[in-house]
Amino acid sequence: MRSDTTFDQMELSDEMLAALANAGYESPTPVQAGLIPRALEGVDVMGQARTGTGKTAAFAIPILEGLRDGKIRGPQALVLVPTRELAVQVRDEFVKLADGQRARSVALYGGKPIRQQIEKLRGGVEVAIGTPGRVLDLMSRGALLLNDVDIIVLDEADRMLDIGFRPDIEKILRRAPTDRQTLLLSATIPPPVERLARRYMDAPEVLNFSPVEISGDTIDQYYFTVDGERKFDLLVALMSREQPKQAIIFCRTKRGVDKVHHRLARKLSEAECIHGDLAQNVRDRVMAAFRAGKVRYLVATDVVGRGIDVSGISHIINYDIPQFCDDYVHRVGRTGRMGSEGVAYTFVAPEEGNELTRIEIRINRLLERAEIDGFETVAKPTADASVLDEMGDGGDEAPPAKPPPFGRGGRGPRRYRRAL
Ligand code: ADP
Ligand code: MG
């Protein structure tokens, strides 16, 4: 996790060094050591580094160090993030690192009265962190002007540039000064996204701090083969065996989240749920309780799949296998942060062998089969070799950096036809 560089060698201000010491950041992580000096020089950077390795401070430090003095009212930096919860968390990191400096940060996100955010902007802020929808809304009301923006960050860049957000991102970028600096960060930047991103950047430097293993190396990763109707009982048995400090249980749909939460809350106390259909004040309350360690089991959609940093999360359960393999990387990356240990269990239905194989190819690592009494494997389906062909066709998903270590254990040429 540590790099050889120190914060002292980075020519940071005394205020910043004091804030870092206050935060307990003794030395920069690799992505911070690599990215901060380049960002301070004004270069556009695409930075890829594993989940939980301090990408937020990697962009927040150069932003705060580069703020101009004087009578500038509009924000000098704009950070775009995919979810409201992440906007709040990133704002809090800015506040922490701006300790002792006059740098005001605001989180701009939907589901909250817009008035307060407008007033905050009116009073003057240096850094705005927001979700694309609310940022556009504020821009169209004339409350948010991008004229003074020197630097734009797309955190979770691949998500921000996927089809759901791209039109909004393009609108925002078109209104920002063309001589701005642009930083893109994510744990996963597949080649098609990298190519696309270049359109919005000026001769970007690509810094990759996880060339081989994209998922956290301190996270033990297992799977269970389980019939759909037995998943819930397996979840209860697993939680009772594991006694997690805190767990996120990911389901594919909001309805699925509601159902699992409803059943789980009858069996276990300290269970809550979060998804995009809940009112924002409910989402805020659940997240605050989860951060405070008062919620032990959080049943969730991918709304908390990206970026969320809660140190108590010891277990990730993929109750439903994620639809896209990169979502697997991000979900699992909610544990094992900053070198701490974590464990992830993925529930795989007998017919989902191909999905599991795709994930393994993407992360360049095999998941280990887990066992628990009473849930012996019900069927032994195989993944077809065609999955491999799909992966190699240069489509939306990136091929692995090197062939996956499937040869381990002396499995022969049929190594991709695995029993689950
Ligand atoms: P990422 O965006 O890479 O997933 P985060 O920026 O959320 O990671 O940081 C993960 C955790 O590491 C946060 O709790 C953050 O406070 C902490 N952190 C960041 N930089 C350092 C550092 N240099 N030393 C110690 N802890 C750090
Ligand atoms: Mg992050």
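Colleague: What makes the approach of an oxygen atom of ligand 1 to the backbone of Gly52 a polar contact?

Modeller: In this predicted model, an oxygen atom of ligand 1 is 2.7 Å from a polar backbone atom of Gly52, and because a polar contact is a pair of N or O atoms within 3.5 Å, the pair qualifies.

Colleague: Which side chains make polar contacts with ligand 1 by that reasoning?

Modeller: Among them is Gln32, with an N or O atom of its side chain 2.8 Å from a nitrogen atom of the ligand, and another is Asp309, where a polar side-chain atom lies 2.5 Å from a ligand oxygen atom. Of the 580 Å² of accessible area that ligand 1 has on its own, the protein covers 86%.

Colleague: Why is ligand 1 said to lie between domain 1 and domain 2?

Modeller: Both domain 1 (7-208) and domain 2 (219-390) give residues to its shell, so the ligand lies between them. That shell holds 17 residues, with Tyr25, Thr56 and Arg337 included in the closest, and helix 3 (55-65) and helix 4 (84-97) each supply at least two.

Colleague: How does the shell divide by residue character?

Modeller: The shell around ligand 1 has 3 nonpolar, 8 polar and 6 charged residues.

Terms used. Residues numbered from 1 in each chain as written. Chains lettered and ligands numbered in written order. Predicted model: local features only at pLDDT ≥ 70, side-chain atom pairs only at ≥ 80, totals over all residues. Heavy atoms only, no water. Near = heavy atom within 4 Å. Polar contact = N/O pair within 3.5 Å; in protein donor to acceptor, adjacent residues only side chain to side chain. Areas by Shrake-Rupley, 256 points an atom, 1.4 Å probe, with all protein chains shown as cover. Helix = DSSP H or I, 4+ residues; strand = E, 2+ residues; numbered from the N terminus. Nonpolar A, V, L, I, M, F, W, Y, C, P; charged D, E, K, R; others polar. Domains from an automatic or database assignment.
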